Amino acid sequence: MGPWWYRNIIEPGKLPLLLALLAFILSFLVTRVITRLIRAGRGPFGNITPGGLHVHHVVPGVILVVIGGFGSIAAGGHGFGSLLAAVVFGLGAGLVLDEFALILHLDDVYWSEQGRKSVEIVVLTAAVVGLVLAGFLPFGVNDLTTQERQNRGLVVMNMAGNFFLALVALWKGKARTALFGMVIPLVALVGAVRLARPGSPYARRFYANRPRARARAGLRAFHHDRRWAAPRRRFEEFIGGAPDPARTAAAAAPKEPPPP
C-alpha cells in the first residue's frame, strides 16, 4: 500500500485533491444533518438570522471557496499551505453546492422539489472527482518503466476517447451519462450511440424531419425516466431529506412580475 500511495497519490500531487474531496463530502453531510435537525426542531442548532435576515450557508461557503482558491494559488501547490487551502476549499464547496438550487432559482427552494438539484449536483461532483482521483494520472510520476509508460499512454488514449464520446452524449441531452462517461469506459459509448433525448440539440437537429425517430426517442425517454425516477428519488431523500409539499407548491407557483 505504501509504494502505491506514494507513486499514485503523493508523487503525482493528488493529495490536495483527495483532502478537498474528503472535506467536500464531510461538509455536505454535516450540513445536511444540521439542516434536517433544524427542520425537525431538534438539537441546539438554529437558523442564523441577524436583524431578521436569514443568512444561508452558501454565504460562508463562498467565503471559504474564495479563501481556499486564492490560498491554493499562493501556496503554489506545495507544502502544508496547499493542503490546508484544499481542505478550506472543499469545505466551502460543500456549503455552496448544498444550496446550488437556491443559486440556480434565486429563491429559497431548499426543501422543495427544485431543491433536489442540490443533492444531484453534489453526488455527481463527488462521483466524478472520486473517479478522477482513483484513476491513473498519466503524467507527474518519475522513473516509469516501459510497461508503466504504455499503461499510462493507454489511459490517456482512453480518456481522450471517452471525452469525445461524452461530448456526443451531452449533445444528445444525457448530462449524467456524459459526466460519468468521461472516466468510466463504455458508459459514454452507450450514451453516444443510443437515441437522443427529446428536446436535446441533437434531436432538434437530426429528428426534425424524422417523426418515427422522435416518437422512439420520446418513448424511450419516458420508460427510462419511469424506471429510474423512483430509485433516484429514494436515494436523494435518504441523503438530503424529503421535500416539503407546501414549499414545492409555493416554488412552482408563478410569481408576479416586479412593478415597473
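What percentage of the 260 residues in the protein is buried? Buried residues make up 30% of them, where buried means under 20% relative accessible area with a 1.4 Å probe, protein chains only.

**Figure 1. The whole chain is built from helices, with zero strands.** This is a predicted model, where local features need pLDDT of at least 70, side-chain atom pairs count only at pLDDT 80 or more, and totals for chains, interfaces and linings use all residues. Residues are numbered from 1 along each chain as its sequence is written, and side-chain values use heavy atoms, leaving out hydrogens and water. The protein has 12 helices (DSSP runs of H or I, at least four residues, numbered from the N terminus; strands would be E runs of at least two). Of the contacts between residues at least 6 apart in sequence, 63% join residues at least 24 apart; contact here means heavy atoms within 4.5 Å.

**Figure 2. Helix 2 (residues 15–40) on its own.** Its 26 residues reach 38 Å from first C-alpha to last, close to the 38 Å expected at 1.5 Å a residue (that is, 1.5 Å times one less than the number of residues). Buried residues of helix 2 include Leu-18, Leu-21, Phe-24, Phe-28 and Arg-32. Just after helix 2 comes Gly-41, with a positive phi near 75°.

**Figure 3. Helix 2 meets helix 11 (residues 211–240).** The two axes come within 9 Å and cross at roughly 80° (axes are lines fitted to C-alpha atoms over the stretch in contact, with angles from 0 to 180 degrees between N-to-C directions). That makes helix 2 roughly perpendicular to helix 11, a label for angles of 65 to 115 degrees. On the helix 2 side, look for Phe-28, Arg-32 and Arg-36; across from them in helix 11 sit Glu-237, Phe-238, Ile-239 and Gly-240. Sorted by class, this contact has three nonpolar, one polar and three charged residues (Ala, Val, Leu, Ile, Met, Phe, Trp, Tyr, Cys and Pro are nonpolar; Asp, Glu, Lys and Arg are charged; the others, Gly among them, are polar).

**Figure 4. Helix 3 (residues 58–75) against helix 4 (residues 79–98).** Here the axes come within 7 Å and cross at roughly 155°. So helix 3 runs roughly antiparallel to helix 4, the label for angles over 145 degrees. Helix 3 residues in the contact include Val-58, Leu-64, Ile-67, Gly-68 and Ala-75, while those from helix 4 include Gly-81, Ala-85, Phe-89 and Val-96. The residues of this contact divide into 14 nonpolar, eight polar and no charged.

Notes: Parallel < 35°, antiparallel > 145°, perpendicular 65-115°, else oblique. Buried < 20%, exposed > 50% of the residue type's maximum accessible area, 1.4 Å probe, protein only.
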